[in-house]
Amino acid sequence: MKRSEINATIRKFEALLEECRFCLPPYLSFTPDEWKTKNHEYDEIRDNELGWDVTDYGEGHFDKLGLALITIRNGNIHNPEYPKPYAEKIMMCDSGQVSPMHYHVNKMEDIICRGGNDIVFTFYNADQSRVHRQEDGRDVFEKDLENDVLIYRDGRRYKVRAGEPVRIHKGESITLVPYQYHEFIIPAGGPSLIGEVSKVNDDHTDNFFHEPLGRFPHIEEDEPAYRLLCTEYPKAKD
């Protein structure tokens, strides 16, 4: 992705948050120069990769395959200094954009339509009896194309056919359980503001994409950064 595209996406995200009256912690407005002055009191943000995150999954088609998100809080399964057992994100996905098919092994999460447009999900169970090895050597379970998928939706439990679209509206949520393939797309009509409340989140090891994808973008620096992404913080000043 070009840095200019990331900057424009963050500004659009900020405007949507303001429109939906969703307020952010102060550190999310720090400039890159301000981050250079921050000491170890902000290590939780650095160590747990809290903050801005814009991804095209390494594919270069952000308008079709992409997501902008903010990790607001998170623990760390690799570091006992951060024992929070939960995480929270706020996300923006625009019309026509897809968050691609994947499952988690450890994470259980609620995805909430906080404002703006609807969210259209597709679900499959991961077939744990069938594994395929991707080009990078990672083993991923196949999709179960036959069996129904159990849905947990705001206290209602029911089944849908594998691959059947499930649409949620503002205020509604879906609970996603481990080994449940899920993908969503935003229909015509503008972006959706999407919340996520989950167990501790590890984006480096617990995203199992059905098709091999990268989690973070390759960035072309065509203009200065407006905000630093969560993987770009400088080390503490002292």
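User: How many disulfides does this model contain, and how is a disulfide recognised?

Analyst: A disulfide is a pair of cysteine sulfur atoms within 2.5 Å. By this rule, the predicted model has zero disulfides. C20 takes part in none, and its nearest cysteine sulfur, that of C113, lies 9.0 Å away. Residues are numbered from 1 along each chain as its sequence is written. Because the model is predicted, local features need pLDDT of at least 70 and side-chain atom pairs count only at pLDDT 80 or more, while totals for chains, interfaces and linings use all residues; side-chain values use heavy atoms, leaving out hydrogens and water.

User: Why is C113 not bonded to C20?

Analyst: The sulfur of C113 is too far from that of C20 for a bond, because 9.0 Å separates them.

User: Is C113 buried or exposed?

Analyst: Buried means under 20% relative accessible area, exposed means over 50%, and partly exposed lies in between (1.4 Å probe, protein chains only). C113 has 1% relative accessibility, so it counts as buried. C20, at 28%, counts as partly exposed.

User: How should I read helix 1?

Analyst: Helices (H or I, at least four residues) and strands (E, at least two) are DSSP runs, numbered from the N terminus. The expected span of a helix is 1.5 Å times one less than its number of residues. Helix 1 covers residues 3-19, and its 17 residues reach 24 Å from first C-alpha to last, close to the expected 24 Å. Just after helix 1, R21 takes a positive phi of about 60°.

User: Which residues of helix 1 are buried, and what do they pack against?

Analyst: The buried residues are R3, I6, N7, T9, I10, F13, L16 and L17. Contact means heavy atoms within 4.5 Å. The buried residues of helix 1 pack against strand 1 (51-55), strand 2 (67-73), strand 3 (86-93) and strand 13 (192-199).

User: What is the largest nonpolar core?

Analyst: In soluble globular proteins, nonpolar side chains tend to be buried together. A nonpolar core is a set of buried Ala, Val, Leu, Ile, Met, Phe, Trp, Tyr and Cys residues joined through side-chain atoms within 4.5 Å. Here the largest has 25 residues, and those with the most contacts inside it include F13, W52 and V54. Helix 1 gives the most to this core, with five residues. Apart from it lies another core of 24 residues, among them V149 and I151.

User: How do strand 8 and strand 9 pair?

Analyst: Two strands pair if DSSP finds at least two bridges between them. Strand 8 (residues 149-153) and strand 9 (residues 156-160) are antiparallel, with five bridges. V149 stands opposite V160 in strand 9.
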